[in-house]
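I opened the notebook today to look up how helices pack against each other, pair by pair. The entries follow in the order in which I made them.

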Amino acid sequence: MSAAAPDPQAHALRLLARREYSRAELRDRLTRAGYGAEQIDSTLDALAREGWQDDARYAEMLGRTRLRQGHGPLRLRRDLARAGVDPERLPIPQADWVIQARAALHKHFGDAPAENRREWERRARFLAGRGFTSELIRRVLDGDPDEY
């Protein structure tokens, strides 16, 4: 247990003062700090009751961040799952994913359309890596270039 934070709630509040954390992330951080499971559970319950920690708020924050970074819905779902938040249980921020994909494509590749199949595939791999679905990728890459 850390000498600087004998109280798990004080430790958790210091973490939450910097950024949002999912319940699972906080549990992991407190476990690594050496607190017992019973202490951690009661602390997390108290933080949730007081509104200091909320997985729905965490999901909103992460969604806004990933949208700003140009990521797609698959990336957002994966990141939520990694943070211990069930993406099926919480609302995923709504976005126009076509516009989001086009903006990411434009930022990375500019205005010029793909000139050949190899370049089309390169752009498709880029969008897939950003977390966009294959259907959305086809729609964006095969769409009207004037729609950008």
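Entry one. I began with the handedness of one pair and noted that helix 7 passes helix 8 in a right-handed crossing; I was working throughout on a predicted model. I then looked up which residues make this contact, and found Trp 120, Arg 123, Ala 124, Leu 127 and Ala 128 on the side of helix 7, with Ile 137, Arg 138, Val 140, Leu 141 and Asp 142 on the side of helix 8. Sorting the residues of this contact by character, I counted 7 nonpolar and 3 charged, with no polar residue.

Entry two. I turned to the geometry of that pair, where helix 7 spans residues 117-129 and helix 8 spans residues 134-142, and I recorded that their axes come within 10 Å and cross at roughly 135°. Helix 7 and helix 8 are therefore oblique to each other.

Entry three. I next looked up helix 4, residues 55-68, and helix 5, residues 73-82, whose axes come within 10 Å and cross at roughly 140°. Because angles over 145 degrees are what count as roughly antiparallel, I entered helix 4 and helix 5 as oblique to each other. For the handedness, I wrote down that helix 4 passes helix 5 in a right-handed crossing.

Entry four. Which residues of helix 4 meet helix 5? I listed Tyr 58, Ala 59, Leu 62, Gly 63 and Arg 66 from helix 4, which meet Arg 75, Leu 76, Asp 79 and Leu 80 in helix 5. The residues of this contact divide into 5 nonpolar, 1 polar and 3 charged.

How values were computed
Residues are numbered from 1 along each chain as its sequence is written. This is a predicted model: local features need pLDDT of at least 70, side-chain atom pairs count only at pLDDT 80 or more; totals for chains, interfaces and linings use all residues. Side-chain values use heavy atoms; hydrogens and water are left out. Axes are lines fitted to C-alpha atoms, for helices over the stretch in contact, and angles run from 0 to 180 degrees between N-to-C directions. Helices (H or I, at least four residues) and strands (E, at least two) are DSSP runs, numbered from the N terminus. Angles under 35 degrees count as roughly parallel, over 145 as roughly antiparallel, 65 to 115 as roughly perpendicular and the rest as oblique. A crossing is left-handed if the near helix is turned anticlockwise from the far one by less than a right angle, and right-handed if clockwise. Contact means heavy atoms within 4.5 Å. Ala, Val, Leu, Ile, Met, Phe, Trp, Tyr, Cys and Pro count as nonpolar, Asp, Glu, Lys and Arg as charged, and the others, Gly among them, as polar.
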